[in-house]
Amino acid sequence: DDLANYNTRLNIWLKEGRSKGYKTYLGLEPFSGDRKILDVPPSMIDTILSINNEIWREEFKRISRKNIEMHKPDYFNPCVEVNMWYSVASQEEWQLFRQLYNEIYVETKEISPSTKVFCSLQYDLMSGQLYGNSDTQWELLEDESIALQNQDFLGLSTYPYGEINGWFDNLSGKTDKKIFIAETGIAASVSPQAHTEAQKEYIEQMPNLLSNLEVEAVLWLTLADMDPNVLPGLPEWLYNIGLLDKSLNPKQTWESWKNMRL
């Protein structure tokens, strides 16, 4: 099976986490890093991909199924930031994805009934707060012909920048679902020290920012700073987003994170 050694480190972490009683979260990315085109499953490396391709859809369901069988996670996100792809997909493609997600949801519940399933949305894009782009995608929550059905939570990723007061206020009245923040951090192209201070301020304000929402979980993007020599080409701010530095020494943010209570 091509999954035997696929994401080996992640598989080990998930197994160890469950053995120690931690809740586990598994997110998949069927689209590219910028979420504009389909990613390539290992068995389809030479295939021209489209959501219209039934073989690709079946392969992605197989990968989802194998992960659920292997890990039975507490939380499963079959598509991280799916609305970034929604912004470039045709109506036909989006409807095919909605059907695919529903099939994955049903199959996941058959294998692991306790697993909570949802596809996360990039909140800053959806709410018209993404780098000055005021276009919104609230139809993904409000239009039943477009919104993903069978969402156990409203999954979000968010990277505030600039003025963060009231960052989540636009969610008021948009959903009655519990919020699962699957990724967060501050997006800012500033010096590492200034970035750390901005992250610390965000963490300390988070209880107030989320006070009007019912929140299941908040996940920080990464525990430690990322190395540009290992992962080149990312936005500069991403390399400073960790709660620990690259040598795993705690930054100011670490104590703030440990002490945060929602």
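Let's start with a small detail: a polar atom in the side chain of Gln122 lies 2.8 Å from the backbone nitrogen of Leu125. That same side chain also reaches the backbone nitrogen of Asp124, at 3.0 Å. Both are polar contacts, meaning pairs of N or O atoms within 3.5 Å; within protein, one must be able to donate a hydrogen and the other to accept it, and residues adjacent in sequence count only if both atoms are side-chain atoms.

Before we go on, note that this is a predicted model, where local features need pLDDT of at least 70 and side-chain atom pairs count only at pLDDT 80 or more, while totals for chains, interfaces and linings use all residues. Residues are numbered from 1 along each chain as its sequence is written, and side-chain values use heavy atoms, leaving out hydrogens and water.

Where does Gln122 lie? It lies in strand β4, residues 121-122; strands are DSSP runs of E, at least two residues, and helices are runs of H or I, at least four, both numbered from the N terminus. Gln122 counts as buried because its relative accessibility is 5%, and buried means under 20% relative accessible area (1.4 Å probe, protein chains only). Its contacts, with heavy atoms within 4.5 Å, include Glu81, Leu130 and Tyr159.

Now turn to helix α7, residues 192-209. A kink of about 30° lies at Ile203, shortly before Pro207; the bend is the angle between axes fitted to the seven residues ending there and the seven starting there. Among the buried residues of α7 are His195, Tyr202 and Leu209. The buried residues of this helix pack against β5, β6, β7 and α8.

Methods
The expected span of a helix is 1.5 Å times one less than its number of residues. Buried means under 20% relative accessible area, exposed over 50%, partly exposed in between (1.4 Å probe, protein chains only). Lists of a residue's contacts leave out its neighbours within four places in sequence.
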